[in-house]
Amino acid sequence: MSDQPDDLVLDAATLRVLAHPMRLTLLEHLRQRGPSTARQLAAYYEIDSGAASYHLRRLADGGLIEEDRERGTRRDRWWRARHRSSVHQPADSDPGERQDSRAYLNAVLLAYSEQLRRLAYTAPLLPDEWYAAAVFSNYTMRLTPAELNEAKAELAAVIKKYRDRDNPAGVPVALQLHAFPLLEPNDDA
């Protein structure tokens, strides 16, 4: 997958395409595990193959995936991701895109919660070496918006350092970093 462009900065159109948890899930699957067919993805995620095909076509129409013409036949279409990751900075959104941005956030949270649910069944079965290397953490800090932006930039640089190595001996590792204020409805922000 090293021939893929690294990051796709999401615009309003791609935010709308990705505002569905199953599309995010299918896109991440293609990024992490490589090309696949709608039938294979449908079996893996226990969804109807017609629904998988529909979501894959929407992802393709949005420029997020493409048909892998080196594999399969007309009846057995293979799909691959066009980018290694997606980046969305809500601050960069136009005011008219905020609704799409919030819908995307909702889909991301639903997709990641499904990924964590699946992890609950597989994490205890990890080989000892991988289990010892894994981390499950939760940090709470008191930050200003400027400090959070600074932390995001520093963490992105660290992630880029490791991602750019493109280690053929490595396996796909999911790294999820979420940063958001813990505000209650009546809090002054």
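**Chatting through the sheet and its surroundings**

Analyst: Let's start with the sheet: β2 and β4 run antiparallel and are joined by 2 bridges. Strands here are DSSP runs of E with at least two residues, helices are H or I runs of at least four, and both are numbered from the N terminus. Two strands pair if DSSP finds at least two bridges between them.

User: Is this an experimental or a predicted model, and how are residues numbered?

Analyst: This is a predicted model, where local features need pLDDT of at least 70, side-chain atom pairs count only at pLDDT 80 or more, and totals for chains, interfaces and linings use all residues. Residues are numbered from 1 along each chain as its sequence is written, and side-chain values use heavy atoms, with hydrogens and water left out.

User: Cool. Which residue is the bridge partner of Ser-36 in β4?

Analyst: That's Trp-79. Glu-67 also stands opposite Trp-79.

User: What order do the strands in the sheet come in?

Analyst: The order is β2-β4-β3, in an open sheet of 3 strands with antiparallel pairing. β3 is joined to β4 (residues 78-81) by 3 bridges, and Glu-66 has Arg-80 as its bridge partner in β4.

User: Why is one side of β2 and of β3 left without a neighbour in the sheet?

Analyst: Because β2 (36-37) and β3 (65-67) stand at the edges, each with a single partner strand.

User: New topic: how many aromatic pairs does the structure hold?

Analyst: Just 1 aromatic pair. Tyr-44 and Tyr-45 form it edge-to-face, at 4.8 Å centre to centre and 75° between the planes. Rings of Phe, Tyr and Trp (its six-membered ring) pair if their centres lie within 6.5 Å; planes under 30 degrees apart are stacked, over 60 edge-to-face, the rest tilted.

User: Are those two tyrosines buried or exposed?

Analyst: Tyr-44 is partly exposed, at 37% relative accessible area, while Tyr-45 is buried at 13%. Buried means under 20%, exposed over 50%, and partly exposed in between (1.4 Å probe, protein chains only).

User: And where is Thr-14?

Analyst: Thr-14 lies in helix α1 (residues 12-17). Thr-14 counts as buried, with 7% relative accessibility. Leaving out residues up to four places away in sequence, Thr-14 touches Leu-8, Gly-62 and Leu-64; a contact means heavy atoms within 4.5 Å.

User: Last one: what feature does UniProt place at residues 13-110?

Analyst: The unreviewed UniProt entry gives "domain: HTH arsR-type" there. Over residues 13-110 the chain is 53% helix and 12% strand, with the end C-alpha atoms 20 Å apart. UniProt positions use the numbering used here, feature names are shortened, and annotations may be inferred rather than shown by experiment.
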